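User: I'd like to learn how to read a model like this one, feature by feature. Could you walk me through it?

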Amino acid sequence: GRMRILMDLQAHRVPRELAEGAVEKALDGRNEEEQIQAYIERRMPSLVLDDDRKLASAFRRLRRAGFSTSPVLAALKRIAARPEMVEEFPEEEPEEI
């Protein structure tokens, strides 16, 4: 996701303005929901969210990939066996870089 790319570039001491421009160009105007769906299809093709452990694992994996909490929860809610499981997750955002 966007945040992960920015953190990686900043770790390599790329100036913030240059990093943000590169991320915008690389993402080519795709919104975060599209990126999450593509990530799930590519990296988690056999994902079945039928219990709390699998849901929590998928949530953590998507957050580590740099996606924001709200779009992650929306995507998981769409594919969960029981969408009400997703509503129990806390919505907390880490601090911006």
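**Reading the helices and what lies between them**

Analyst: Let's start with α4, where L55, A56, A58, F59 and L62 are buried. Keep in mind throughout that this is a predicted model.

User: Where do those buried residues sit around the axis of α4?

Analyst: The general idea is to look at the arc that the buried residues cover. Here that arc is only 165°, which puts them on the same side of α4. On the other side of α4 you'll find R53 and R64, both exposed.

User: What do the buried residues of α4 pack against?

Analyst: Their packing partners are α3 and α5.

User: How does the reach of α4 compare with what is expected?

Analyst: You compare the span from first to last C-alpha with the expected value at 1.5 Å a residue. With 13 residues, α4 reaches 18 Å, close to the expected 18 Å.

User: And what should I look at around the ends of α4?

Analyst: Look for side chains reaching to the backbone at the start, and for phi values after the end. At the start of α4, a side-chain oxygen of D51 comes to within 3.1 Å of the backbone nitrogen of R53. After α4 comes G66, with a positive phi near 100°.

User: Let's try α2. Which of its residues are buried?

Analyst: A19, V23 and L27 are the buried residues of α2. They cover an arc of only 55° around the axis, so they lie on the same side of α2. Turned away from that buried side is a face with the exposed residues E17, L18 and K25.

User: What covers the buried residues of α2?

Analyst: The cover includes α1 and α3. As for its span, α2 has 12 residues and reaches 16 Å from first C-alpha to last, close to the 16 Å expected.

User: Where else is phi positive, besides glycine?

Analyst: Just after α2, D28 takes a positive phi of about 50°. R13 also has a positive phi, near 60°, and R13 is a residue other than glycine. You'll find R13 in the loop between α1 and α2, and R13 is exposed, with a relative accessible area of 76%.

User: How do I read a nonpolar core?

Analyst: The general idea is that in soluble globular proteins, nonpolar side chains tend to be buried together. Here, the largest nonpolar core has 18 residues, and the members that touch the most others are I36, L62, F67, V72 and L76. Helices α3 (32–43), α4 (52–64) and α5 (69–79) each supply at least two residues of this core.

User: What does L62 touch, leaving out residues up to four places away in sequence?

Analyst: With those left out, L62 touches I36, Y39, I40, M44, F67, V72 and L76.

User: How many aromatic pairs does a search of the whole structure find?

Analyst: One. To read such a pair, check the distance between ring centres and the angle between planes. For Y39 and F67 the centres are 5.7 Å apart and the planes stand at 70°; angles over 60 count as edge-to-face, so that is what this pair is. Y39 lies in helix α3 and F67 in the loop between α4 and α5, so the pair ties together parts 28 residues apart in sequence. Both Y39 and F67 are buried.

User: Now a polar residue. Is Q35 buried or exposed?

Analyst: Compare the relative accessible area with the cut-off. At 10%, Q35 is under 20% and so counts as buried. Q35 sits in helix α3 and, not counting residues up to four places away in sequence, touches G1, R2, L27, R30 and F67.

User: R2 is among those contacts. How would you read R2?

Analyst: Start with where the residue is, then its exposure, then its contacts. R2 is in helix α1 (residues 2–11) and is partly exposed, with a relative accessible area of 29%. Leaving out residues up to four places away in sequence, R2 touches E20, V23, E24, L27, Q35 and G66. One of these, E24, makes a side-chain to side-chain polar contact with R2 at 2.5 Å.

User: How far apart are R2 and G66 in sequence and in space?

Analyst: They're 64 residues apart in sequence, while their C-alpha atoms are 6.0 Å apart.

Definitions and conventions: Residues numbered from 1 in each chain as written. Predicted model: local features only at pLDDT ≥ 70, side-chain atom pairs only at ≥ 80, totals over all residues. Heavy atoms only, no water. Core = buried A, V, L, I, M, F, W, Y, C linked by side-chain atoms within 4.5 Å. Buried < 20%, exposed > 50% of the residue type's maximum accessible area, 1.4 Å probe, protein only. Helix = DSSP H or I, 4+ residues; strand = E, 2+ residues; numbered from the N terminus. Contact = heavy atoms within 4.5 Å. Polar contact = N/O pair within 3.5 Å; in protein donor to acceptor, adjacent residues only side chain to side chain. Phe/Tyr/Trp six-rings, centres within 6.5 Å; stacked < 30°, edge-to-face > 60°. Expected span 1.5 Å × (residues − 1). Arc of directions from axis to C-beta.
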